[in-house]
Amino acid sequence: MASQPFRGSLPADIFDKTTLISLASTLAILAVAYGTSRKVLPRSTSVTWRGLFIWHAFDALIHFILEGSFLYHCFFSYLPMSKVRNKLALAPTAHNFLGYTDRAYGPQAGGSNPFAQLWMVYAKADRRWAGADLSVISLELLTVLVAAPLACLICYGIAKKDPRTNILVIIVATMELYGGFITFCPEWLTMNHNLDGSNFMYLWVYLVFFNMLWVVIPIYAIWVSANEINDAFLGKSKPYKPESSKSKSSSSSSSSSSSSRKSR
């Protein structure tokens with residue numbers, strides 16, 4: 001669990017202004033994704049694919065805006081350790097990160113920046129997101145630079161009704177599931193050393209609800225696209241079914257009879 005000095009450096013209240021703004025920003029991003037679907041998708045689009053469009057648009061915006069801001073603070077926001085009185089109040093920064101051993105990186109060094117404060121709110125539940133954890137940063141680089149653009153391509157493919165989109169859906173969903181496992185497996189192996197589930201908000205909203213979205217929906221997306229690909233293979237195999245022995249014999253007999261007629 002997170003140490004008490006660190007928790008004391010975070011925004012104090014569970015429902016403080018920063019927390020409410022953070023939750024509202026997530027709803028605003030979801031509203032943008034839904035509005036985009038209403039604008040670019042025809043009315044004939046099925047509920048399933050409209051839902052997947054909204055999800056991937058939401059996914060891309062979350063990755064680009066929120067997680068992109070996390071990476072920004074990990075690489076460009078820092079505090080000189082010499083000016084920090086209580087070093088225990090900081091979340092860890094990996095040793096020799098970016099070649100420095102005397103700096104504390106991450107949202108914790110972002111001051112009053114609203115995105116830094118947003119991540120400090122989430123860090124109430126998971127301490128790693130306040131500092132510069134190498135596992136988290138590595139996953140977020142892959143998420144922001146690869147998964148987010150692919151999610152945009154998926155939205156484009158759904159709008160254009162491109163069947164190849166199913167392949168991208170499975171790729172991105174697999175990335176999300178793998179990323180979630182790699183994010184939390186180290187914590188499971190260390191008895192949740194950096195996690196704080198001491199109240200309903202931290203445990204069930206931050207840790208369970210928000211993270212389970214990126215488990216349940218990707219599994220559903222894989223199921224939908226796998227069925228689409230399976231149906232496509234079944235549809236293509238029908239014209240190439242081998243002829244039965246009866247049809248072959250009848251065709252051969254008809255051809256022989258026609259040839260005998262010609263000889264006469």
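I take helices and strands as DSSP runs, numbered from the N terminus: H or I of at least four residues for a helix, E of at least two for a strand. L141 lies in helix α5, residues 134-160.

Before going on, I note the basis. The model is predicted, so local features need pLDDT of at least 70 and side-chain atom pairs count only at pLDDT 80 or more, while totals for chains, interfaces and linings use all residues. Residues are numbered from 1 along each chain as its sequence is written, and side-chain values use heavy atoms, with hydrogens and water left out.

Entry: L141. I looked up its exposure and found a relative accessible area of 32%, so L141 is partly exposed. I use buried for under 20%, exposed for over 50% and partly exposed for in between, with a 1.4 Å probe and protein chains only. L141 joins L142, L145 and V146 in a nonpolar surface patch of about 330 Å². Such a patch takes residues with over 30% relative accessible area and no salt bridge, with nonpolar side chains (Val, Leu, Ile, Met, Phe, Trp, Tyr) joined within 5 Å and like charges within 9 Å. A salt bridge is a side-chain nitrogen of Lys or Arg within 4 Å of a carboxyl oxygen of Asp or Glu. The areas come from the Shrake-Rupley method with a 1.4 Å probe.

Entry: T143. This residue is also found in helix α5. T143 is buried because its relative accessible area is 15%. Leaving out residues up to four places away in sequence, I find T143 touching H63, E67 and A148; contact means heavy atoms within 4.5 Å. From T143 to G179 I read 8.2 Å, C-alpha to C-alpha, across 36 residues of sequence.

Entry: the core. The largest nonpolar core has 44 residues, and I137 is one of those with the most contacts inside it. A core is a set of buried Ala, Val, Leu, Ile, Met, Phe, Trp, Tyr and Cys residues joined through side-chain atoms within 4.5 Å. Which helix gives the most to this core? I find that α3 does, with twelve residues. Beyond four places in sequence, I137 touches F70, L71, C74, F75, F97 and A132.

Entry: α4 and S22. In α4 I list A116, L118, W119, M120, V121 and Y122 as buried. At the start of α4, a side-chain oxygen of N113 comes to within 2.9 Å of the backbone nitrogen of F115. S22 lies in helix α2. S22 is buried, as its relative accessible area is 11%. Not counting neighbours within four places in sequence, S22 contacts L118 and V121.

Technical notes: A polar contact is a pair of N or O atoms within 3.5 Å; within protein, one must be able to donate a hydrogen and the other to accept it, and residues adjacent in sequence count only if both atoms are side-chain atoms.
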